[in-house]
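Trainee: I have a structure open in front of me and would like to walk through it with you. Could we take it piece by piece?

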Amino acid sequence: MLPCVCVNLLAAVVEGQVFLRGTPPPEVPVDLTQFPDCRSVRQAPLTTRHYVAGTNGGLANVFVFIREGLQGRSFAVSTQEVVLDQYECGFHPYVLGVQTGQVLRIKNSEPYLETVHAVALTNKGFNIAQPPNTSARFKFDKQEILLRIKCEIHPWEFAYVGVVEHPFFAVTDARGSFRLPEGLPPGEYTVEAVHQKLGKQSQTIKVQEGQTVLLKFEFHSPYKATP
């Protein structure tokens, strides 16, 4: 007997794309002259990652979540750990999301000492030293978008965490695409897209069972190319 592959045909789908209109500002090269530890593991030139846009104009690293419409509802906290890793002189992924109460495991996969400093505004922050090939686990109790994590040894190393009280969030991929998890109850919601340099945009949607809601967000580049 073949196993059953069960699909909830009544589940609503909320997905879409985020675009950057215009030319992305040039990324800044990182000078590794004073950081021989990083030079020893880096295989390619290093730059900032402020505006990662694909050939289609899709904007990566945008945090998309349900901002309004779920107040008063409670959702089980995922038991799956979210992993933030340090390797090749940076935090990976650059933008990620966790639920309040969900475990965020931060790893140091570098062969040298790193630090992890959570610059939190509504949550309790932390600042720890992390030896090579170790990890530490953390939880956040309050919603915060976006919480910044940085390294005090390597000043270009950052990551941004969207801490949300429910599971309905996503981060855009290299084409600017996103898809919220299934299970969003029918109702009216405000969906917000947040980019750490370009700010935020929001749209109001109505969700019904079995419906696919397609969204498009457009941010405009602040860069004015020199003639």
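Trainee: Let's start with Gly199: how exposed is it?

Mentor: Keeping in mind that this is a predicted model, Gly199 comes out as partly exposed, with a relative accessible area of 30%. Gly199 belongs to strand 15, which covers residues 199–207.

Trainee: And how far is Gly199 from Val62, C-alpha to C-alpha?

Mentor: Their C-alpha atoms are separated by 9.8 Å, although Gly199 and Val62 are 137 residues apart along the chain.

Trainee: Okay, salt bridges next. How many are there in the whole structure?

Mentor: A search of the whole structure gives 10 salt bridges. One of them joins the side chains of Glu192 and Arg67, with 2.9 Å from N to O. That pair links distant parts of the chain, since Glu192 is in strand 14 (residues 187–195) and Arg67 is in strand 2 (residues 63–68), 125 residues apart.

Trainee: Are those two side chains buried or exposed?

Mentor: Glu192 counts as buried because its relative accessibility is 7%, below the 20% limit for that word, whereas Arg67 is partly exposed at 29%.

Trainee: Which residue does Arg137 meet in a salt bridge?

Mentor: The side chain of Arg137 meets that of Glu81, at 2.6 Å from N to O. This pair also links distant parts of the chain: Arg137 sits in strand 9 (residues 134–138), while Glu81 sits in the loop between strand 2 and strand 3 (82–87), 56 residues apart. Arg137 is exposed, with a relative accessible area of 51%, and Glu81 is partly exposed, with 28%.

Trainee: What about Glu152, which partner does it have?

Mentor: Glu152 forms a salt bridge with Lys150, and their closest N and O atoms are 3.7 Å apart. Glu152 itself is partly exposed, with a relative accessible area of 40%. Elsewhere, Glu15, Arg179 and Glu182 are linked in a network of salt bridges.

Trainee: Switching to rings: how many aromatic pairs are there?

Mentor: The count comes to 9 aromatic pairs. Among them is the pair of Phe35 and Trp156, which is edge-to-face, with 4.9 Å centre to centre and 85 degrees between the planes.

Trainee: Why does that pair tie together parts of the chain that are far apart in sequence?

Mentor: Phe35 lies in the loop between strand 1 (13–21) and helix 1 (36–39), and Trp156 lies in the loop between strand 10 (144–150) and strand 11 (158–164), so the pair ties together parts that are 121 residues apart in sequence. Both Phe35 and Trp156 are buried. Ring pairs also link Phe63, Phe65 and Phe169 into a cluster.

Trainee: What volume does the largest pocket have, and which residues lie nearest its centre?

Mentor: The largest pocket has a volume of about 230 Å³. It is lined by 18 residues, and those nearest its centre are Thr47, Thr48, Arg49, Tyr94 and Trp156, the last of which we met in the edge-to-face pair. Strand 4 (90–92) and strand 11 are the elements that give two or more residues to the lining of this pocket. By class, that lining has 8 nonpolar, 6 polar and 4 charged residues.

Trainee: And the second largest pocket, what lines it?

Mentor: The second largest pocket has a volume of about 150 Å³, and its lining residues include Phe65, Arg67, Gln143, Glu165 and His166. Here the classes are 4 nonpolar, 4 polar and 3 charged residues.

Trainee: Last topic, the backbone. Which peptide bonds are cis?

Mentor: Two to look at are the bond from His92 to Pro93, which is cis with omega near 0 degrees, and the bond from Ile145 to Leu146, which is also cis with omega near 0 degrees. Pro93 is in the loop between strand 4 and strand 5, whereas Leu146 lies in strand 10.

Trainee: Why would someone stop at a cis bond or a positive phi?

Mentor: Most peptide bonds are trans, and most residues other than glycine have a negative phi. Asn61, which is not a glycine, has a positive phi of about 65 degrees; this residue is in the loop between helix 1 and strand 2 and is buried, with a relative accessible area of 17%. Glu88 has a positive phi as well, near 50 degrees, and is found in the loop between strand 3 and strand 4, where it counts as partly exposed at 35% relative accessibility.

Technical notes
Residues numbered from 1 in each chain as written. Predicted model: local features only at pLDDT ≥ 70, side-chain atom pairs only at ≥ 80, totals over all residues. Heavy atoms only, no water. Phe/Tyr/Trp six-rings, centres within 6.5 Å; stacked < 30°, edge-to-face > 60°. Helix = DSSP H or I, 4+ residues; strand = E, 2+ residues; numbered from the N terminus. Buried < 20%, exposed > 50% of the residue type's maximum accessible area, 1.4 Å probe, protein only. Salt bridge = Lys/Arg side-chain N within 4 Å of Asp/Glu carboxyl O. 1 Å grid on protein atoms, 1.4 Å probe; cavity = no way out; pocket = protein on both sides within 12 Å on 5 of 7 lines; lining within 4 Å. Points joined across faces, edges and corners; volume = space filled by probe spheres on them. Nonpolar A, V, L, I, M, F, W, Y, C, P; charged D, E, K, R; others polar.
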